Amino acid sequence: SGSVKAGKMPEGEKMRQCKQEEEQQQKEEEREGLIEFYSSYQELFQFFCSNTTIHGAIRLVCSKKNKMKTAFWSVLFFLTFGLMYWQFGILYREYFSYPVNLNLNLNSDRLTFPAVTLCTLNPYRYSAIRKQLDKLDEITRQTLLDLYDYNMSLPQRDWSTSSSQRRSSRSLLHHIQRHPLRRQKRDNLVNLPENSPSVDKNDWKIGFVLCNENNDCFHQAYSSGVDAVREWYSFHYINILAQVPDAKALDESDFENFIYACRFNEATCDKANYTHFHHPLYGNCYTFNDNSSSVWTSSMPGINNGLSLVVRTEQNDFIPLLSTVTGARVMVHDQNEPAFMDDGGFNVRPGIETSISMRKEMTERLGGSYSDCTEDGSDVPVQNLYSSRYTEQVCIRSCFQLNMVERCGCAYYFYPLPRGAEYCDYMKHKAWGYCYYKLLAEFKADVLGCFHKCRKPCKMTEYQLSAGYSRWPSAVSEDWVFYMLSQQNKYNITSKRNGVAKVNIFFKEWNYKTNGESPAFTVVTLLSQLGNQWSLWFGSSVLSVMELAELVLDFIAITFILGFRWFRSRQKLPAAVPALNSQDNAAFQDEAPALHAPHRFTVEAVVTTLPSYNSLEPRGPSRDGEEGHE
């Protein structure tokens, strides 16, 4: 037994020496390293909580002997962290919603006078289409006689026509008969019986039917007979206009016969200050102060420093079935913008002086992530058909016209003509009316997506208008005023009171308002708010955040180092165990004949094969004495 123990001692001493050398080498490496890492997670967190400037962290170390306090401060510490990051989430959500502040500024400066468009309010009976319109009037007179027993008086016309004009009249009659004006009752369209004078006409509605090639029909009905007749007449009138190959043939501008007097800033206007265009429903229109001339500026506010016009409002050789009002129509808009008289215009009453005061208002929106506005319309998926800059109304009308060409095969006469297209005319496109009214219903319901595609411009200029009215000329001055007009402008209207009107357009004041937007939540604001929340919950600064970042980096580094050591120890363990087993087995084989209990050596060999760290410790003197005695 003594010989066996003596053979085993050198092996134990050898392992103890290896362990001491390894520990000493580890300490030398730690002293020589440039970066010092903690040996355990506990040491890392203990150092952080003892030295950090974050409030409350030290309580986790100071109260470690009191488990209840440690648990309380741990819960409080992490709950505070959770509340703080919850507030961080709210701040980030508000930042990425891109809110804006509205800035209102009042500026005083010389103001650029806007463009002013004035229309006759009644379409003119142009000579290029006079015969067709006369035929349409005759058919309309007969229709009103059949429906309402009303015999509309028509002026005497020269009905002598050529053979080509007679063929055109027969073709017009054929197409009008295909789209007749009818009575409607309880959602059913029926023809009015010829001999039914006892029918209560108040129970009926008036409308007309539009059908396509497949005999699918669209019922266009109106509760007002006046609206029905005007819409029906307008439908056929548009077809007649579309048959004119050159729109310039309709240009019969007579500026002096419509504008009797024009003054701006007490100076007389001339033809260089206006441009002319034709509107299908509002007739001849004149735009003052557009881009074709030098732009006017107002040096002073007030009625004497604006635009003053005296216009003729008498209906002479106009089309009474298209317009039921008399006067003129005026619209104020910015330069390089088309005048949409249906949207922004208003009527000027005859025999009245209308004084319109303006206030300029500019709007500047933030683009990009802050709003869905567009700078110039180049990023809008709709082609601009107008020769003007982008506006929302320009885009919407262009969108409808492009859909009209795509779906119906022709263009609507009211809007500009796309390249390669032609205007709708039931001589060439028999079912365009059915297609138009179906498409118009989809357009109003935004099925076409035009209102979604067309975005507001980031910069807009608008004019807030207010009007005042007074009788002009007055009863005591009308005689000499009309006499002067007759001498200067050959004014020979019988109904003097309803024949002229006066319009004054001027700036109310020099001040104009600018509505601007600025970011409400910038990066600086976000960092400031985050810092406020951090100071509120932990009373710390930016350096405290750096300490927390250092803790995270140290945690990652320790995890990597410990994982690397564990991986290396797993690789060394299988190589050391076989070598140790071979040496112990050789020692047991040499001593086996001298022992009477081989199973004891087998057990001891197992113990020697996997020694514990306690067996490597030096034995005390009492234990050595026993072994020596043994």
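This passage walks through the overall make-up of the protein chain, then one of its strands and its partners, and finally a nonpolar patch on the surface.

The structure described here is a predicted model. Its protein chain holds 630 residues, of which 38% count as buried. DSSP runs along the protein chain give 17 helices and 19 strands. The accessible surface amounts to about 37,200 Å², and carbon and sulfur atoms account for 53% of that area. Contacts were also sorted by how far apart the two residues lie in sequence. Among those between residues at least 6 apart, 74% join residues at least 24 apart.

A good place to begin a closer look is strand β16, which covers residues 352-364. This strand is mostly covered, with ten of its 13 residues buried. Its pairing can be followed strand by strand. With β17, residues 459-471, β16 runs antiparallel, and 13 bridges join the two. One of the residue pairs here brings together glutamate 353 of β16 and serine 470, its bridge partner in β17.

Parallel pairing is found too. Strand β18, made of residues 500-507, pairs with β16 in the parallel sense over six bridges. Glutamate 353 appears again in this setting, standing opposite lysine 502 in β18. Glutamate 353 is thus set against serine 470 in β17 and against lysine 502 in β18. Strand β19, residues 511-519, also runs parallel to β16, and four bridges join them. In this pairing, glutamate 361 stands opposite lysine 513 of β19.

Attention now turns to the surface. A nonpolar patch of about 610 Å² is formed there by Tyr41, Phe45, Val552, Leu553, Phe555, Ile556 and Leu562. Two helices, α2 (41-51) and α15 (542-591), each contribute at least two residues to the nonpolar patch. The greatest share comes from α15, which provides five residues.

Valine 552 offers a handy example from this patch, since it is one of the patch residues and lies in helix α15. Is valine 552 buried, partly exposed or exposed? Buried residues fall under 20% relative accessible area and exposed ones over 50%, with partly exposed in between. Valine 552 has a relative accessibility of 44%, and therefore counts as partly exposed. Membership of a patch calls for over 30% relative accessible area, and the 44% of valine 552 fits with its place among the patch residues.

Technical notes:
Residues numbered from 1 in each chain as written. Predicted model: local features only at pLDDT ≥ 70, side-chain atom pairs only at ≥ 80, totals over all residues. Heavy atoms only, no water. Patch = residues over 30% accessible without salt bridge, like charges linked within 9 Å, V, L, I, M, F, W, Y side chains within 5 Å. Areas by Shrake-Rupley, 256 points an atom, 1.4 Å probe, with all protein chains shown as cover. Salt bridge = Lys/Arg side-chain N within 4 Å of Asp/Glu carboxyl O. Buried < 20%, exposed > 50% of the residue type's maximum accessible area, 1.4 Å probe, protein only. Contact = heavy atoms within 4.5 Å. Pairing = 2+ DSSP bridges.
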